[in-house]
Structure formats: C-alpha cells, structure tokens
Amino acid sequence: MTAGVFSYSAVLMGSPILLKLFDDNPTLARHVFQLIKQQENLFTVNRAESEVMSVNHAAGRHPVIVSEAVFALISVAHAVSLLPDSAFNFTIGPIVKRWKIGFQGRAVPPAPEIASLLKLTDPHQVVLNPADRSVFLQQPGMEIDLGAIAKGYIADRVQAFLRQQGVQQALINLGGNVQTLGSPPHEPQGWGIGLKKPFGRDDELLGVLQVQGKSVVTSGIYERYFELDGRCWHHIFDPQTGYPLDNELLSVTVISDRSIDGDIYTTLLFGMGVEQGLAYLADQPDIDAVFVTRDRQIICSSPQHFHFQQLDVDWQLRY
Ligand code: ADP
Ligand code: MG
Ligand code: MG
C-alpha cells in the first residue's frame with residue numbers, strides 16, 4: 001500500500017473506473033470522470049444516440065459530419081483496419097451486435113446469418129472526407145464499432161488533461177486500459193499493475209508488471225464471454241470468419257507510451273498469435289507485450305519498458 005494515495009472510482013463505459021492521485025482532490029477527480037463521460041457520449045454504440053450512432057443510422061443513405069475528435073479516431077481505426085491481414089476491423093459492428101456477447105440474448109448465430117453479416121464488414125466501403133470531416137458507410141446495415149480503440153484514446157486524453165493540470169504522478173484504469181503518469185512517490189520501480197489469472201477471481205494474479213509513465217492494456221477472452229457446448233465464445237472477433245478468435249491465446253497485454261497503441265496492438269496481436277506476434281514486435285521497439293496461453297505459459301516479448309514479477313508458479317514464464 002502506497003502512502004498518501006487517494007483513490008476515486010466510478011462506473012462508466014460499462015466498466016469500473018479507478019483514478020489514483022497523491023493529493024486529496026475530489027474536484028479534479030470529478031473533472032476526470034466528466035471528461036470520460038463526455039468522450040463516451042461521442043463514441044458509444046451501446047445507446048441510441050452518439051456521433052458514431054448517427055454515422056451508423058445514415059449507412060447507405062448519406063455522409064455524416066462529425067466532430068474533430070470522432071473524425072480523428074475513425075481515421076485511425078480505418079487505417080488500422082486496412083493493414084494487410086489485420087485482425088482489427090472497426091466495421092465489425094453488425095457481427096458484434098448479432099452475437100450480443102456480454103448482453104442479454106446472447107447465442108451462437110446460425111452460420112448463414114454470420115456469412116451474410118460479414119458482407120457488411122468491409123472497411124473499404126467507408127468513405128472519409130477530411131475536407132468536411134464527413135463519414136459515409138456505403139452499404140445499408142453497415143455499422144462501425146470503436147470498442148477496441150476508444151478506451152485507449154480516452155485514457156490518453158485523461159493523461160494529457162492531468163498533465164495539463166500539473167499532475168506528475170497518477171494512474172487511470174478504464175477497466176483493462178491503464179495509463180500512468182510518472183511513478184508513485186518513493187516507489188522508483190514504478191506502478192505495479194496486476195496481470196490477471198484468466199478465468200480466475202479478481203484478486204488472483206499471474207504476476208505484477210512494473211511500469212513508469214507507461215500504458216498497460218489487456219485484452220482477454222475471459223473479460224466478456226459465454227460458455228456453450230464446451231466452448232468459450234468471447235468478444236474479440238475474427239473479421240475473416242465472424243466468430244470469436246480461436247487460437248492458443250487467453251490474453252494479450254501491451255505496454256506502450258500511448259494507450260491508443262496498446263488498445264490497437266492487443267487486437268492485432270490477438271489475431272497474430274504468439275509466434276507471429278513476437279516476430280512482428282521485433283520490429284516495434286516501443287511496444288512490448290505479454291502473451292498468456294491456454295497451455296499455461298506467460299511469454300514476454302523483450303521487456304524493455306517493464307519489469308515482470310511472477311506470482312503464480314503453476315504457469316511457465318518465458319522470454
Ligand atoms: P475490451 O472491451 O475488454 O476493452 P478490446 O479492447 O479488445 O476489449 O475491445 C473489444 C471490443 O472491440 C468488442 O467488444 C467489440 O466492440 C470490438 N471488436 C471485437 N472484435 C473486433 C475486431 N476484430 N476489430 C475491431 N473491433 C473489434
Ligand atoms: Mg479495450
Ligand atoms: Mg483493444
């Protein structure tokens with residue numbers, strides 16, 4: 001327990017949100033939560049109204065002009081979706097909506113239905129016009145979903161806001177997306193961020209990552225899922241098949257400067273799997289990752305930006 005830490009919490013974006021400061025400053029905390037709420041209101045697809053929903057409602061009909069922040073985030077999501085063999089596809093909306101994972105009424109959809117919804121998930125059919133900041137989904141029924149990137153973007157916004165307010169040491173956790181400023185006082189090793197045991201209790205950790213001023217983002221198949229016929233149907237979809245990604249991975253954690261990168265790379269690396277993911281990271285000196293696999297391995301890419309302390313010895317740690 002760090003001396004002098006003040007924790008503030010809220011439930012936003014369907015997740016528990018935690019802010020740690022080293023001053024008792026509830027006003028600042030309230031401003032942070034307001035900022036998160038205001039950003040969520042732009043990006044969400046879980047309610048009828050948001051800027052993103054107005055783009056979706058106009059699919060196949062007309063372009064929609066959006067705010068600078070929404071246009072910027074859609075542009076990033078579009079570019080990442082167009083990377084060769086990308087597992088990230090921000091037009092996955094119709095598939096996500098149909099599976100309803102994490103919501104009432106979830107079920108494995110009939111295969112022909114998945115096949116026809118997949119035709120509505122082509123990122124090439126999104127037209128972005130920077131001149132008037134408009135977004136047009138060319139086919140009726142297309143839906144964009146920024147769920148795999150928005151929390152990272154918002155975590156970076158919070159970090160920038162806190163820095164602007166003169167804060168030098170802080171942590172924000174947006175339910176799996178952690179962003180930090182500096183290190184806690186008297187803890188030169190940095191922030192300790194728990195790596196959860198997949199399908200374990202909240203307090204069961206495989207180990208602890210130590211970072212300073214870095215973002216730590218985890219995507220895990222155990223975060224939102226349901227079980228049926230002995231299979232775990234989770235919320236990260238393979239854009240090629242329309243089914244949840246099915247490989248050796250239970251979770252991927254990315255350590256990076258920017259949380260938006262962490263959010264993007266967790267999805268990309270999920271799609272690549274361990275071997276291809278490690279090879280890919282060899283060319284990305286600013287991005288580190290920790291892969292957790294079904295055969296109980298914890299695999300760290302070259303850990304330049306963090307230190308990992310293993311706690312659960314039933315899992316095999318390798319680099
Ligand atoms: P979390 O919701 O736990 O933060 P992620 O950052 O991995 O997890 O985002 C998962 C969300 O992203 C899903 O709930 C869905 O809205 C969306 N999504 C699912 N599969 C994909 C995909 N292949 N590409 C882009 N977005 C996706
Ligand atoms: Mg996320
Ligand atoms: Mg993500």
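Biologist: Does aspartate 203 count as buried or exposed, and at what relative accessibility?
Modeller: Happy to start there, with the reminder that this is a predicted model, where local features need pLDDT of at least 70, side-chain atom pairs count only at pLDDT 80 or more, and totals for chains, interfaces and linings use all residues. Side-chain values use heavy atoms, without hydrogens and water, and residues are numbered from 1 along each chain as its sequence is written. Buried means under 20% relative accessible area, exposed over 50% and partly exposed in between (1.4 Å probe, protein chains only). Aspartate 203 therefore counts as exposed, at 57%.

Biologist: Which residue forms a salt bridge with aspartate 203?
Modeller: A salt bridge puts a side-chain nitrogen of Lys or Arg within 4 Å of a carboxyl oxygen of Asp or Glu. Here the closest N and O atoms are 3.1 Å apart. The partner is exposed too, at 52% relative accessibility: arginine 201.

Biologist: How far apart in sequence are the parts that glutamate 143 and lysine 97 tie together?
Modeller: Their side chains meet in a salt bridge, 2.9 Å from N to O. Glutamate 143 sits in the loop between β5 (134-137) and α6 (150-164), and lysine 97 in helix α4 (residues 93-99), so the pair links parts separated by 46 residues. Helices (H or I, at least four residues) and strands (E, at least two) are DSSP runs, numbered from the N terminus. To repeat the separation, it is 46 residues.

Biologist: Which residue joins Arg231 and Asp246 in one network?
Modeller: Arginine 231 and aspartate 246 meet in a salt bridge of 3.7 Å, N to O. Arginine 231 is partly exposed, at 31%, whereas aspartate 246 is exposed, at 52%. Through salt bridges that share partners, the network also includes Arg294.

Definitions and conventions
Chains are lettered from A and ligands numbered from 1 in the order in which they are written.
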